[in-house]
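Here are some notes for a colleague who is opening this structure for the first time. They are set out as numbered points, to be read with the model in view.

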Amino acid sequence: MESSSYTLDFEKPLRDLSAQLEQLRQQSLENNLDLGSEIAAIERKIAATQRDIYSKLTPWQKVQIARHPKRPYALDYVALLCTGFRELHGDRQFNDDRALIGGTAFFNGEAVMIIAQQKGRDTKEKIARNFGMPQPEGYRKALRLMKLAEKFGLPVITFIDTPGAYPGIGSEERHVSEAIAVNLREMAMLGVPTISIVVGEGGSGGALGIGVTDRVLIFDNSYYSVISPEGCAAILWKDPAAAPKAAEALKLNADQLEKLGVVDEVIPEPFGGAHTAPEKAAESLKYALQKHLNDLKGLKGDKLLDARYERYRHLGVYEEAGTAHS
Amino acid sequence: MSLFSKPKYSTVVVKKKDIPKGLWTKCPISGEVIFNKELEANLMVVPKSGYHFPIGARARIAGLFDEGTFEEQDATVRSADPLQFVDSQPYPERIKKYERDSGLTEAVVCGTGKIHGIKVSVAVMDFRFCGGAMGSAVGEKITRAIERALELKIPCIIFSASGGARMQEGIFSLMQMAKTSAALGRLSDAGLPYISVLTHPTMGGVTASFAVLGDVNIAEPGALIGFAGARVIKDTVKQTLPPGFQTAEFLQTHGLVDRIVNRLEMRDELRDILSALHLRKAPAVAK
């Protein structure tokens, strides 16, 4: 791993060690010195520091990995998992949202409908993709493609990766709330198997708007939350700097979401995050996707819809006349 | 079971907590000063200016249903603390305070009752309890109200008043959006009407789920209705909202709200809409 990979605050020790390592290598080359044992020592130290940092990541550190600029995005996974992806554009009403895309593809040879929130890699693409924040048109396109999938009997696979639906004037004027709400209702009634996978950020209603599925999978470092840690900190702690505390309190990490019954499976990531070895991450996802697709094939018609209804019907914890329910 | 001593439309028994403090209240639009008793009797609508003050769930229910027909359901469903959430104070402490301040057990009151003889299942939110925020208990009660309509084959009406999702219940709050919307899908499939009444304010996850999914979406005059709040929009995308943005009137002009209805007209409004969609014949007493 080159030093430029360590871009996050908490990766500073690794950044420093990598710089030292590079310096030693440079010296060894320039002065024709044998620094083999020194280099090996630093490499061992790097490995130990990696273990130390990555094996006990805090909730807030995981959020930063989920937002890592090199994290694989939806289309990276589509390219690694599928063949013949044909993007289908537009909501047939107003626009084509570049932050929420979709199209047909083949997964292990089987036809599927892909729906994906997509962030941009460089500045130009980031702007074109609106930083992964979909507008009403994106949700309406997603619904159009899901209905298309239903018509032709294709399973739907959605990739969730958004900080949230776009909070702007145009978005409000064209009723992003309605676009999301209709998707929630219609996804609950869609007559084909559906699986979503949180590949990066699961930002509130903007994520849920393509996330009411038979199965919800999540990568180990991804998060899924009702509000961003910064937003929660600003409101409840009156201080955006309290984001690490809010991240912990919200229980937004993959393992915690699995315990709460909100996600069905946590997909392991390569050590240090999916960006260190995207192919490995994709391989783990491929295995899980196939397994869940196979499971869902056994459920048809009302059985599929009843199981989906029950899945969401029982989410939540409350008390009733003194007894706890969940 | 009658919960109210005088639940007639025009004379409402309102708890002191439901009304502005003091004996008199000034209308923020006209400056008119109005005796509180008169304001309560008028469902918190200023007679001359038509300004709508917020109204508590119980006062709204008292003014909405035919005398003695409202039966409350699921009153013992209350919030738990699934995440053991603590910010400046533990979540259960906050809940106790909301209970004390509002005299309610949750941010929504549910049940069945008759409006001009038409039986409906209703959920009425109350902004005073945690800003009407939707957590597991609110989501559960609203889902049950929808399922009750389905079971009894009667229409469902939900009065929204909410700042959005309840952060202290984290992802469970978000999932209530899916739960309530899924239930509405079943109600819709069964051909039973769902009337959403959006009142001041209805924001965030409540707007982005059941509140805008009505077969008919009604809003009270002047109600603030939106997804992202003005501050979030300003902080995130540096846009300042034009005046009048996110009001009931704006949303009717922009096609989200079917009708804006004065609270004093709500009973007759619901009678006519439900007579058309559910009974499919003119009401006995034409307006």
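**Notes on domains, chain interface and cavities**

1. In this predicted model, the area buried between domain 1 of chain B and domain 2 of chain B is about 920 Å², and carbon and sulfur atoms give 59% of that area. On the side of domain 1 of chain B that touches domain 2 of chain B, the residues divide into four nonpolar, two polar and one charged.

2. To place that interface along the chain, the reader may note that domain 1 of chain B covers 18–53 and domain 2 of chain B covers 54–279. The C-alpha centres of these two domains of chain B lie 23 Å apart, and seven residues of domain 1 of chain B are in contact with 11 residues of domain 2 of chain B.

3. Which kinds of polar pairing are found between the two domains of chain B? The count of salt bridges between domain 1 of chain B and domain 2 of chain B is zero, whereas three residue pairs in polar contact, both residues being at pLDDT 80 or more, are found across that interface.

4. Chain A has likewise been given two domains, with domain 1 of chain A at 9–56 and domain 2 of chain A at 63–315. Their centres, taken over C-alpha atoms, are separated by 37 Å, and the contact between them involves seven residues of domain 1 of chain A and five residues of domain 2 of chain A.

5. Between domain 1 of chain A and domain 2 of chain A the buried area is about 450 Å², with 74% given by carbon and sulfur atoms. Within domain 1 of chain A, the residues that lose the most area to domain 2 of chain A are Phe10(A), Glu11(A) and Tyr54(A), which together account for 72% of what that side buries.

6. Across the interface of the two domains of chain A the rule finds zero salt bridges, and the count of residue pairs in polar contact, with both at pLDDT 80 or more, is zero as well. The residues on the side of domain 1 of chain A that touches domain 2 of chain A nevertheless divide into two nonpolar, two polar and three charged.

7. Turning to the interface of the two chains, 64 residues of chain B are in contact with 48 residues of chain A. Chain B and chain A bury about 4800 Å² between them, 70% of it on carbon and sulfur atoms. In chain B, the residues that lose the most area to chain A are Met167(B), Arg186(B) and Phe227(B), together 14% of what that side buries.

8. How many salt bridges are counted between chain B and chain A? The count is four, and one pair that forms a salt bridge is Glu320(A) with Arg144(B), whose closest N and O atoms are 2.8 Å apart. Across the interface of chain B and chain A the rule also finds 18 residue pairs in polar contact, again with both residues at pLDDT 80 or more.

9. A last point concerns enclosed space, for which a search of the whole structure finds four cavities of 30 Å³ or more. The largest cavity holds about 70 Å³ of space and is lined by 14 residues. Those that lie nearest the centre of the largest cavity are Glu172(A) and His175(A) from chain A, together with Ile225(B), Gly226(B) and Leu251(B) from chain B.

Conventions:
Residues numbered from 1 in each chain as written. Chains lettered and ligands numbered in written order. Predicted model: local features only at pLDDT ≥ 70, side-chain atom pairs only at ≥ 80, totals over all residues. Heavy atoms only, no water. Domains from an automatic or database assignment. Contact = heavy atoms within 4.5 Å. Buried area = accessible area lost by both parts, 1.4 Å probe. Salt bridge = Lys/Arg side-chain N within 4 Å of Asp/Glu carboxyl O. Polar contact = N/O pair within 3.5 Å; in protein donor to acceptor, adjacent residues only side chain to side chain. Nonpolar A, V, L, I, M, F, W, Y, C, P; charged D, E, K, R; others polar. 1 Å grid on protein atoms, 1.4 Å probe; cavity = no way out; pocket = protein on both sides within 12 Å on 5 of 7 lines; lining within 4 Å. Points joined across faces, edges and corners; volume = space filled by probe spheres on them.
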